[in-house]
Structures are given as structure tokens and as C-alpha cells.
Amino acid sequence: MDTQATQNTEAIQKLLQALGATAVFGAPITQNGTTVIPVAHVTVGFGYGGGYGRGGEIGATAPDAANNSGEGGGSGGGAGGRSTPCGFIRITGDDVRYEPIADETRIPLAGIAMVAWIVFWIMATIRVIAKGVAKTQQMKWKLAQAEVDHAQHSGEKTK
Amino acid sequence: MPQAMANAVPAHALLEGTPITVAGKIVQPMVRLQRWQALGDAGGAAFVRLSPHSVRIQAGDSTYAVPIVDPTQASLRKFFYLGTAISGVCLLLMLLAVGLTRRW
């Protein structure tokens with residue numbers, strides 16, 4: 001089990017070290033005097049795990065002990081990767097420039113989410129401020145009412 | 001897994017790619033590497049992200065770099081900063097309003 005795990009780790013280490021600039025920059029393509037090198041973002045992730053158990057039930061009687069000797073095992077793993085093109089390098093004569101590719105889906109989606117986020121926070125702020133103002137007005141009104149009552153009481157007493 | 005987590009290795013590096021000759025120029029790609037790994041006997045996980053950084057061009061005696069800027073990432077980052085700033089300001093206003101109401 002340990003040897004296998006070490007082999008797995010070594011394979012993964014090799015894979016991680018193999019990922020380099022060649023994964024991001026593609027092979028140059030030349031046509032009509034213009035060379036284009038594609039560029040991409042690369043993301044790779046994976047995980048693995050394993051387990052093993054042993055041991056029978058505590059207090060098992062002699063005839064059952066053979067059946068309840070206990071055993072275990074299990075392992076699993078998963079991996080995923082993504083390469084997203086983000087632009088290309090154009091080399092024409094002496095001119096070398098990077099031409100980006102804007103993601104026309106993510107930017108509007110992020111914009112919509114941002115507008116919703118801003119509206120949510122502004123509405124929440126307005127609600128809290130309005131509640132505070134209403135509470136203050138209510139307390140002012142109560143104070144004024146109390147003053148009027150007090151004045152009326154003191155007027156009745158002097159009469 | 002706890003052992004693996006204890007061995008977690010984050011790494012950030014700038015990798016130099018193999019130079020290629022294109023139209024009399026030596027083009028060397030530069031890549032930004034972000035890596036996180038936690039590998040152990042019982043389990044492990046790793047995450048690698050490679051993004052283009054720049055291209056170093058050597059033409060004759062002169063050497064210069066062409067930076068690679070991703071407009072999508074830049075826009076998303078701006079949105080993120082704007083959202084964080086607005087929520088921060090709104091939170092401050094709310095705290096101020098609550099504080100003033102309590103003081104009154």
C-alpha cells in the first residue's frame with residue numbers, strides 16, 4: 001500500500017513538473033509572413049484518498065470470531081483540468097504584439113451580478129436609514145406629546 | 001490527510017519557456033505558476049494554475065518584453081473591487097445610522 005502510494009505521488013509530482021510554458025503557449029503558426037502564437041490559461045486540479053480498516057467486533061464469541069475478523073479498504077480520486085484561450089501573439093515583420101480575446105460571456109454576467117449586488121446593498125442601506133429616521137421621528141413625537149401632557153397637567157394644577 | 005495537509009506547499013514562480021526562433025527573432029515565453037499541493041500516503045490534493053506573463057523578444061542586440069494582460073481578468077477584478085468598496089461604504093452608512101439612532 002505504501003509503495004503504491006509513493007508511486008502515485010511520484011507520478012503526480014512528475015505531472016506537476018511537466019506543466020510548464022508549453023502548456024500555456026502553443027506552437028507558432030506562420031502564414032503569409034505573419035506568425036501567430038496562441039496563448040491560454042491552464043488550470044489543473046486533482047485529489048485522491050484511500051483508507052483501510054482492520055479488526056473484528058469486540059467481545060465476539062469464538063464461533064463468530066472467524067466471521068467478524070474485520071476487513072476494510074477503499075480508495076478514490078478525481079482530477080480535472082481546463083485550458084481557456086485568452087489571446088494570441090502576432091509577429092509581423094518587426095512588430096510583435098499581444099492580441100487579447102475578451103470573454104463576451106463572463107464580463108456581461110459579472111456586470112449583471114455586480115448591478116444586483118449594488119442594488120441589494122443600496123436598498124439595505126436605505127431601509128436601515130429609513131428605519132432609523134422613523135424611529136427618531138417617533139421618539140421626537142413621543143417627547144413632544146409628553147411635554148404637552150406635562151404642560152397641561154401643570155396648568156390644571158395652577159388653576 | 002492531516003499529514004498531507006501539514007506538508008501543504010504553496011508555490012508561486014515565474015517560469016521561463018524554451019526560446020523559439022520566429023522570423024529572425026528569439027521569442028521566449030514567460031509563464032506565471034501558482035501551485036498548491038498537499039500530497040501524502042493516505043491522500044492528497046494539488047492545484048496548479050499557469051497563466052501567461054509576458055514574451056521576451058530578442059531581435060539583434062535589443063531585448064524587450066511584450067506584457068500579456070488579460071482584459072477579462074482585469075474587468076472582473078475591477079468589478080470585484082467596486083463591489084467590495086460599495087458594500088463597505090453601505091455597511092459603514094448602516095452602522096452610522098444605527099449608532100446615531102441609538103444615541104438619540
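In chain B, β3(B) and β4(B) form a hairpin with three residues between them. Strands here are DSSP runs of E of at least two residues, and helices are runs of H or I of at least four, both numbered from the N terminus. Two strands are taken to pair if DSSP finds at least two bridges between them. For β3(B) and β4(B) there are 14 bridges, and the strands run antiparallel. One position on this ladder has Ala38(B) opposite Ala45(B) in β4(B).

Before I continue, a note on the source: this is a predicted model, in which local features need pLDDT of at least 70 and side-chain atom pairs count only at pLDDT 80 or more, while totals for chains, interfaces and linings use all residues. Residues are numbered from 1 along each chain as its sequence is written, and chains are lettered from A and ligands numbered from 1 in the order in which they are written.

β4(B) also pairs with β5(B), again in the antiparallel sense, over six bridges. Ile57(B) stands opposite Tyr64(B) in β5(B). This second hairpin has two residues between its strands, and Gly60(B) takes a positive phi near 70° in it. Overall, chain B has two helices and five strands, in the order α-β-β-β-β-β-α along the sequence.

Let me turn to the partner chain. Eight bridges join β2(A) to β4(B), and these strands run antiparallel. Val44(A) stands opposite Val48(B), and Val42(A) has Leu50(B) as its bridge partner.

How many residues does each chain bring to the contact? Chain B gives 48 and chain A gives 51, where two residues are in contact if their C-beta atoms, placed from the backbone, lie within 7 Å. On the side of chain B that touches chain A, β2 (20–22), β3 (25–39), β4 (43–59) and α2 (71–103) each supply at least two residues. α2(B) gives the most, with 16 residues. By class, this side has 32 nonpolar, 11 polar and five charged residues; Ala, Val, Leu, Ile, Met, Phe, Trp, Tyr, Cys and Pro count as nonpolar, Asp, Glu, Lys and Arg as charged, and the others, Gly among them, as polar.

I come now to the core. A residue is called buried if 20 or more other C-beta atoms lie within 10 Å of its own, exposed if 12 or fewer, and partly exposed in between. A nonpolar core is a set of buried Ala, Val, Leu, Ile, Met, Phe, Trp, Tyr and Cys residues joined through C-beta atoms within 7 Å. The largest one has 20 residues, and among those with the most contacts inside it are Val39(A), Ile89(A), Leu50(B) and Val55(B). β2 and β3 (75–92) of chain A, together with β3 and β4 of chain B, each supply at least two residues of this core. Its largest share, six residues, comes from β3(B).

Val55(B) touches residues of both chains, including Ile89(A), Val27(B), Met30(B) and Ile68(B). Ile68(B) is found in the loop between β5 (62–67) and α2 of chain B. Is Ile68(B) buried or exposed? Ile68(B) is buried, because 22 other C-beta atoms lie within 10 Å. Its C-alpha atom is separated from that of Val55(B) by 7.5 Å, with the two residues 13 apart along the chain. Across the interface, Ile68(B) is in contact with Val39(A) and Tyr98(A).

A contrasting loop residue is Asn32(A), between β1 (29–31) and β2 (34–50) of chain A. Asn32(A) is exposed, because it has 5 other C-beta atoms within 10 Å. Its phi is near 50°, a positive value in a residue other than glycine.

Note on methods. Lists of a residue's contacts leave out its neighbours within four places in sequence.
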